[in-house]
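Here is a short report on charged pairs, aromatic contacts and the main pocket. Keep the structure open while you read.

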Amino acid sequence: MSIEPYPGDFVGLPQVSYEARVDGIAEPGEVVWAWIPFEEDDTRGKDRPALIIARDGPWLLALCVTSKDHDRDAAQEAADGRLWTDIGAGGWDPAGRPSEVRINRIVRLAPDAVRREGAALDRATFDRVIAEMVAAKG
């Protein structure tokens with residue numbers, strides 16, 4: 001049973017924890033696949049990987065993951081309000097491509113909307129992503 005309706009993206013800084021276990025239950029520190037609402041219209045979205053970073057009541061809080069390299073267009077992305085950081089390759093991408101995570105948008109996911117676990121991020125990378133997210137949301 002999905003949680004309805006989408007209350008919008010999380011604002012502020014959540015209480016983050018690392019609980020990755022890759023046991024079939026989506027937990028902070030894991031990259032999962034789920035339907036992610038578009039920022040400009042949360043009634044539309046697409047299936048994509050997301051890094052779970054925390055919980056907010058019944059919701060999982062996540063950062064969007066992409067295999068698109070934003071290093072080349074970092075200035076344009078930042079001008080459009082999107083900040084990314086590299087997380088390397090992992091089991092969430094079947095092609096093994098390096099990925100980036102958006103550090104300045106926290107989306108809410110209903111736990112039962114998570115389609116599958118991709119992989120756990122190592123603790124050092126997770127901690128770096130969180131530190132960059134905190135600095136970006138400053």
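Arg55 is partly exposed, at 42% relative accessibility. This is a predicted model, so treat each value as computed from predicted coordinates. The side chain of Arg55 meets that of Glu19 in a salt bridge, at 3.0 Å from N to O. The pair joins distant parts of the chain: Arg55 belongs to strand E2 (residues 45-56), Glu19 to the segment before E1, and 36 residues separate them. Glu19 is partly exposed as well, with a relative accessibility of 23%.

**Salt bridges**

A search of the whole structure turns up 11 salt bridges. Three of the pairs are set out here.

| Salt bridge | N to O distance | Accessibility of the Arg | Accessibility of the acid |
|---|---|---|---|
| Arg105 with Asp9 | 2.6 Å | Arg105: 7% | Asp9: 25% |
| Arg55 with Glu19 | 3.0 Å | Arg55: 42% | Glu19: 23% |
| Arg82 with Asp80 | 3.1 Å | Arg82: 26% | Asp80: 41% |

Which parts of the chain does the Arg105 pair link? Arg105 sits in strand E5 (residues 99-109), and Asp9 lies in the segment before strand E1 (30-37). They are 96 residues apart in the chain. Arg105 counts as buried because its relative accessible area, 7%, is under the 20% limit. Asp9 has 25%, so Asp9 falls in the partly exposed class, between 20% and 50%.

Arg82 and Asp80 make another salt bridge, with their closest N and O atoms 3.1 Å apart. Arg82 is partly exposed at 26%. Asp80 is partly exposed too, at 41%.

Salt bridges also form a network. Its members are Arg21, Asp23 and Glu27.

**A buried glutamate**

Is Glu100 buried or exposed? Glu100 is buried, because its relative accessible area is 3% and the class takes in values under 20%. Glu100 is found in strand E5. What does Glu100 touch beyond its neighbours within four places in sequence? Its contacts include Cys64, Val65, Thr66 and Lys68. Asp69, His70 and Asp71 are also in contact with Glu100. So are Trp84, Thr85, Asp86 and Ile87.

**Aromatic pairs**

The whole structure holds two aromatic pairs. One of them is Tyr6 with Trp59, an edge-to-face pair with 6.1 Å between ring centres and 90° between the planes. This pair also links distant parts of the chain. Tyr6 is in the segment before E1, Trp59 is in strand E3 (residues 59-66), and the two are 53 residues apart. Both Tyr6 and Trp59 are buried.

**The largest pocket**

Rolling a probe the size of a water molecule over the atoms reveals where empty space remains. The largest pocket has a volume of about 300 Å³. How many residues line the largest pocket? The count is 16. Nearest its centre lie Arg48, Arg82, Trp84, Arg102 and Arg105.

Two of these central residues appeared earlier in salt bridges: Arg82 pairs with Asp80, and Arg105 pairs with Asp9. Trp84 is also in contact with Glu100.

Strands E1, E2, E3 and E5 each give at least two residues to the lining of the largest pocket. By type, that lining has nine charged, five nonpolar and two polar residues.

Technical notes:
Residues numbered from 1 in each chain as written. Predicted model: local features only at pLDDT ≥ 70, side-chain atom pairs only at ≥ 80, totals over all residues. Heavy atoms only, no water. Salt bridge = Lys/Arg side-chain N within 4 Å of Asp/Glu carboxyl O. Helix = DSSP H or I, 4+ residues; strand = E, 2+ residues; numbered from the N terminus. Buried < 20%, exposed > 50% of the residue type's maximum accessible area, 1.4 Å probe, protein only. Contact = heavy atoms within 4.5 Å. Phe/Tyr/Trp six-rings, centres within 6.5 Å; stacked < 30°, edge-to-face > 60°. 1 Å grid on protein atoms, 1.4 Å probe; cavity = no way out; pocket = protein on both sides within 12 Å on 5 of 7 lines; lining within 4 Å. Points joined across faces, edges and corners; volume = space filled by probe spheres on them. Nonpolar A, V, L, I, M, F, W, Y, C, P; charged D, E, K, R; others polar.
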